[in-house]
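Colleague: I am new to this structure and should be grateful for a close look at one part of it. Could you take one loop and its surroundings as a starting point, and then relate them to the rest of the chain?

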Amino acid sequence: MGLPPLPDQAVVLGASASSWRDALRTAGGALVTSGATTDAYTDAMVDMVEEHGPYIVISPGLAFAHARPGASVLRDGLAVVTLAEPVAFGHPHNDPVSVVLGLAVAEVGTHLESIGAIANLFNDASVTGRLAAATTPDQVRTIMGVTNA
């Protein structure tokens, strides 16, 4: 499967967030607006960090927000949020975060493929900075190698 499409509604560039919770709510809101999830999925993403800590900050400047598949996932979805000012998530090495990816996967069996695709993409250390500097959804899609629909 790889990564799901990234519609314009799921790309938020230069967002303002006063905390990691705000940053996750922006990513979750983009997933909701694009039709991939309900608000309950956004709450679940926040709950995951509250429960497990900032494990979602997977590399310098990058948070990979997600929660378990369930009724709050309407279809597979991807969101990309860049922050006007980086936000601390509490990670000892990879803070502050300037790019938040949101991923929603409808079926348990396919989520590992999406996670693998994200891992492969971000093996290139320049990707986070390039995403943070992107000014259009088309630039974001080009960097990530995904389609609009």
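**A loop residue and its surroundings**

Modeller: Leaving aside neighbours within four places in sequence, Ser72 is in contact with Ala36, Thr37, Thr38, Ala40 and Tyr41. Please bear in mind that this is a predicted model. Ser72 itself belongs to the loop that joins strand S3 (62–66) to strand S4 (77–87). Is this loop residue buried or exposed? Its relative accessibility is 14%, and Ser72 therefore counts as buried, the limit for that class being under 20%.

Among the partners of Ser72 is Tyr41, which leads to the helices. Tyr41 is one of the residues through which helix H2 meets helix H1. How are these two helices placed with respect to each other? In general, a pair of packed helices is described by the angle between the axes together with the distance between them. Here H1 (residues 20–33) and H2 (residues 39–52) pack at an angle of about 150 degrees, and their axes are 8 Å apart. Angles over 145 degrees count as roughly antiparallel, and H1 and H2 are therefore roughly antiparallel to each other. Their crossing is right-handed. On the H1 side the contact is made by Trp20, Arg21, Leu24, Arg25, Ala27, Gly28, Gly29, Leu31 and Val32, and on the H2 side by Asp39, Tyr41, Thr42, Asp43, Met45, Val46, Val49 and Glu50. Sorted by class, this contact of H1 with H2 has nine nonpolar, three polar and five charged residues.

Met45 deserves a separate look. This residue is located in helix H2. With a relative accessible area of 2%, Met45 is buried. Residues up to four places away in sequence not being counted, Met45 touches Leu24, Ala27, Gly28 and Leu31, and also Ala65, His66 and Ala67. Of these partners, Leu24, Ala27, Gly28 and Leu31 also appear on the H1 side of the contact between the two helices. In addition, the C-alpha atoms of Met45 and Arg68 are separated by 8.5 Å, although the two residues are 23 residues apart along the chain.

A second pair of helices may be set beside the pair just described. Helix H4 (residues 126–133) and helix H5 (residues 137–144) pack at an angle of about 170 degrees, with 9 Å between their axes. This angle makes H4 roughly antiparallel to H5. The residues in contact are Val127, Arg130 and Leu131 of H4 and Val140, Ile143 and Met144 of H5. They divide into five nonpolar, no polar and one charged.

Another loop also merits attention. Pro96 is found between S4 and strand S5 (97–104). Most peptide bonds are trans. The bond from Asp95 to Pro96, however, is cis, with omega near -10 degrees.

Finally, the protein as a whole. It has five helices and five strands, and from the N terminus on the elements run β-α-α-β-β-β-β-α-α-α. The radius of gyration is 14 Å, close to the 15 Å that the globule rule gives for 149 residues, so the protein is as compact as a globular protein of that length. The C-alpha trace spans about 35 × 30 × 25 Å along its principal axes. Of the 149 residues, 46% count as buried, and Ser72 and Met45 are each in that class. Among contacts with a separation of 6 or more, 68% are between residues 24 or more positions apart.

Terms used:
Residues numbered from 1 in each chain as written. Predicted model: local features only at pLDDT ≥ 70, side-chain atom pairs only at ≥ 80, totals over all residues. Heavy atoms only, no water. Axes fitted to C-alpha atoms, helices over the stretch in contact; angles between N-to-C directions. Helix = DSSP H or I, 4+ residues; strand = E, 2+ residues; numbered from the N terminus. Parallel < 35°, antiparallel > 145°, perpendicular 65-115°, else oblique. Left-handed = near helix turned anticlockwise from the far one by under 90°. Contact = heavy atoms within 4.5 Å. Nonpolar A, V, L, I, M, F, W, Y, C, P; charged D, E, K, R; others polar. Rg over C-alpha atoms; globule rule 2.2 N^0.38 Å. Buried < 20%, exposed > 50% of the residue type's maximum accessible area, 1.4 Å probe, protein only.
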